[in-house]
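Colleague: Hi! Could you walk me through this model when you have a minute?

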Amino acid sequence: MTTKPGITPPVCSYEGSDYQSQFWDNANRRYEDAVETVAIDRLFDQGGKLLLELGAGAGRLTQRYKGWERIVLLDYSRTQLLQARQRLGDSDKFVYVAADIYKLPFVNGLFDGATMIRTLHHMADAPQTLQSIRRVMAQDSLFLLEFANKRNLKSIFRWLLRKQAWSPFSPEQVEFVELNYNFHPRTILETLRQSGFENEKNLGVSLFRSNWFKNHVKHERLVNWDARFQDKKPFTGLTPSIFTLNRAAGSSEKPVQGSFFSCPICSTALPEAKATQICPGCSHEWQYSQGIYEFRIHPE
Ligand SMILES: [Zn+2]
């Protein structure tokens, strides 16, 4: 994982990383993968026309979003998207887009739903991120957001034992490794509200995320326990991962029929052409190659 200098806010890139094989294909993450699936199935089962998957990476979760006619997989890393395309194939159902979440290359109000799992974790500016997402969402559409919770049981104990300098109870985000952020739940809920989302439901996930539990309790039993506690207070607010379901409140612009992309430099509408295009507004050339739309302003 590397950071891209010279871009504000800075962007975290998994370009060229073996994140999928090192992190997810590792048996030790079986628990996280299973309990995240439970939470997604509980909160986000309605399906629809066009879904935006933010930080889709190598497409680990894409097929869990059942009932969607089309899914746009967006990631900053082109190599992650190439892995996703290898997994899911080339069809009209999946659209692969390399882009910066702060500068989403879509017309206003385009999407009927959006998901962002394990991605806000890497965003330095949460308000700007959530406002950018709200812009491209249709009125009343649903947004499933997962974030890393700084006020989790482990960090509370570590703080009480003075093994951790920062307070898990203070509202600001904590950057524990460069471009890795944990957030306070109240701050995220308030930021969602200010960005035009109405919070509907939250689940606390990965309560038993520790090697001790993973080594001493059978996988199926641990997943069952997690599922049982996901909606039980006070645990909902004390898990390392929180899933929130939010509705795009207020009004959204209706996109013009056939419009899809929007130039991230000058906001001119661009068609879904499956080809390299020159923006009529600013003359920037936006590449399309290996089945991937390139909308990063500063690609590698
Ligand atoms: Zn342009």
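Modeller: Happy to; we can talk about the metal site and then the aromatic rings.

Colleague: What should I know before reading the numbers?

Modeller: This is a predicted model, in which local features need pLDDT of at least 70 and side-chain atom pairs count only at pLDDT 80 or more, while totals for chains, interfaces and linings use all residues. Residues are numbered from 1 along each chain as its sequence is written, and side-chain values use heavy atoms, with hydrogens and water left out.

Colleague: Cool. Which protein donors does the zinc ion have?

Modeller: The SG atoms of C263, C266, C279 and C282, lying 2.3 Å from the zinc ion. Donors here are N, O and S atoms within 2.8 Å of the metal (3.2 Å for Na, K and Ca); water is not among the atoms, so sites may look incomplete.

Colleague: And why is the arrangement called tetrahedral?

Modeller: Because the 4 donor atoms subtend angles of 97 to 118 degrees around the zinc ion. The cut-off for four tetrahedral donors is that all angles lie between 85 and 135 degrees. For reference, the ideal angle for four tetrahedral donors is 109.5 degrees.

Colleague: How are the donor residues spaced in sequence?

Modeller: The pattern is C-x2-C-x12-C-x2-C. C263 lies in the loop between β12 (261-262) and β13 (269-270), and C282 in the loop between β14 (277-278) and β15 (285-286), so the pair ties together parts that are 19 residues apart in sequence. Strands are DSSP runs of E, at least two residues, numbered from the N terminus.

Colleague: Is C263 buried or exposed?

Modeller: C263 is buried, at 1% relative accessibility, and C282 is partly exposed at 28%. Buried means under 20% relative accessible area, exposed over 50%, and partly exposed in between (1.4 Å probe, protein chains only).

Colleague: Switching topic: how many aromatic pairs are there?

Modeller: The structure holds 19. One of them is F229 with F235, edge-to-face at 4.9 Å centre to centre and 70 degrees between the planes. Rings of Phe, Tyr and Trp (its six-membered ring) pair if their centres lie within 6.5 Å; planes under 30 degrees apart count as stacked, over 60 as edge-to-face and the rest as tilted.

Colleague: What about F261 and F295?

Modeller: Their ring centres are 4.8 Å apart with planes at 40 degrees, so that pair is tilted. F261 lies in strand β12 and F295 in the segment after β17 (292-294), so the pair ties together parts 34 residues apart in sequence. F261 is buried at 0% relative accessibility, and F295 is buried at 3%.

Conventions:
Tetrahedral: all angles 85-135°; square planar, octahedral: opposite > 155°, others 65-115°. Helix = DSSP H or I, 4+ residues; strand = E, 2+ residues; numbered from the N terminus.
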